[in-house]
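This briefing is about the empty spaces enclosed within one protein model, and about the residues that surround them. Please look over the sequence and the structure before reading on.

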Amino acid sequence: MAPDRTPVIVGASIATPPDPDELTEPISLMIDAARAAANDSGAAGIAARVDLVAVAGGLWSFRNPGHWIARAIGADARTLLTTISGQTPVALLADIAERIQRGAVGAALIVGGECTRSRRRARRRGVEAPRHDDTEPPPDEAWGSPLVIGDPGAEAVAGHMPRNAFALIESAIRARRGETMAENRRRTAELCTGFAAVAAGVEHSPTQRAMSAEEIAEVTAENRLVSWPYTKAMSANNTVDRAGALLVCSLEVARDHGVSPDRMIFPHRVSMADDTDFLASRHELAVHPGLQAAADDMLSFTGDSAGIGHFDLYACFPSMVALALEALGIDDDRPLTVSGGLAFTGAPTNFGAGEGLIAMVDRLREDAPGATGLVHGSGGMAAKHALGLLSASPPTEPFITSRQTPELHPRDLATPDRDGPVIIDGVTVDYIQEPPTAVALVRFNDGSRAWATALDRPTIDTVTTTETVGTAAEVQAGRLLLN
């Protein structure tokens, strides 16, 4: 690799509305973030050098936001639009770094943004939210595979909703660790406190006060139960008006434009792997070979997690953090975020890991050269994993993306009408549904899985007070019957 093709991040920025009470729309904020990232590099004229604008897809329906962004910053750039999946920003950084390294791209912007808060406020006010006219041509490149959320059985019982899927994983982790219900709730709440403390110090975070473990776990009108044992404070929040951008270029472009070395952060490696798309197909709910394979690959490069200076773990729900902690072998007392995480700082849909990258760039610039930071992105129901290692020091070897393919041994899905004795592999209570509904993944004696639910109060009381994961039960017409 020619050293002048070394990929380097030279600009990073978060954009929020000037007036938080005013309705806004995503493309305007993404343009603001892109301009700010170019300004953050300290290099005059570098925005016009951008030849690729890559936008992480969101809940909006714009065909090609990159078109508006490129035009606004004065760049004659190709455009790219991704599908939605939480690992996308880290995986996209890897793709762009590879393109830069082989000379296919000189400078690129990675941008993501959302105005979910404005849309909700507009609906409450009975007005239309502002919106760019959807007149742009299609993007030059569609990037990424469609996100697979849940099998038909999951969708029928709301098992495909992240709140329930990650709570089911939590129940399997609890049973595997041999925790009591109280111990599990205490651990998950304490795990969240570090994220809340960091979020309280983040300028654009809606959380301006650190919450204690007791406050995070306590059920109140403002902190309702979502999916047992998760409260609202433990759950991902995408109700934000925010955008972010990263400016990535070759070392040659950075030097040609006079970027100061103290603005440069280098991607060293990205490790990626997948688990099964369907949670119901996962061989063990508390064991994720894909995540472990990506973590093992990264640790083969760094030596161990103790040598990594900073982390930003994907924190949609506590079970995701717990899985990453175990896979990476991170000590419980290490700080786990620099961004504040999805529950407390929140983030635009599909750009949580992007905000993690932006926060990591800021943190590594503050550190002495040689400091490293690892950013984790996860997509689907803990199904797709990307771990990105950054440093303020240039790499001694070419950037590499490592894609691991572990054996997953997926389980078959039972037919929806199957009845009979089962073992409970995971269970939660969905409090967003009305009435509250116990949602379970169960396993028949041939190893196949199915979804089952229960509405009766005795079952709900039992699964929230007594460990039922690993115990025998019955399924009749899709209903869970405890023995």
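What follows describes the cavities of this structure, with their linings.

The model is a predicted one, and the structure holds three cavities of 30 Å³ or more. The largest cavity has about 110 Å³ of space, while the second largest has about 80 Å³.

**The largest cavity**

- The lining of the largest cavity is made up of 15 residues, and those that lie nearest its centre are Asp 312, Ser 339, Gly 341, Leu 342 and Gly 352.
- Two elements, α12 (341-344) and α13 (352-366), give two or more residues to the lining of the largest cavity, and α13 gives the most, with four residues.
- Sorted by class, the residues that line the largest cavity comprise six nonpolar, seven polar and two charged ones.

**The second largest cavity**

- The second largest cavity, with about 80 Å³ of space, is lined by 14 residues, among which Cys 192, Phe 195, Ala 315, Val 321 and Phe 344 are the closest to its centre.
- At least two residues of the lining of the second largest cavity come from each of α7 (181-200), α11 (318-328) and α12, and the element that gives the most is α12, with four residues.
- The lining of the second largest cavity has 12 nonpolar residues and two polar ones, with no charged residue.

**The two linings side by side**

- Helix α12 gives two or more residues to the lining of the largest cavity, and α12 also supplies at least two residues of the lining of the second largest cavity.
- Two charged residues belong to the lining of the largest cavity, whereas the lining of the second largest cavity has no charged residue.

Notes: Residues numbered from 1 in each chain as written. Predicted model: local features only at pLDDT ≥ 70, side-chain atom pairs only at ≥ 80, totals over all residues. Heavy atoms only, no water. 1 Å grid on protein atoms, 1.4 Å probe; cavity = no way out; pocket = protein on both sides within 12 Å on 5 of 7 lines; lining within 4 Å. Points joined across faces, edges and corners; volume = space filled by probe spheres on them. Nonpolar A, V, L, I, M, F, W, Y, C, P; charged D, E, K, R; others polar.
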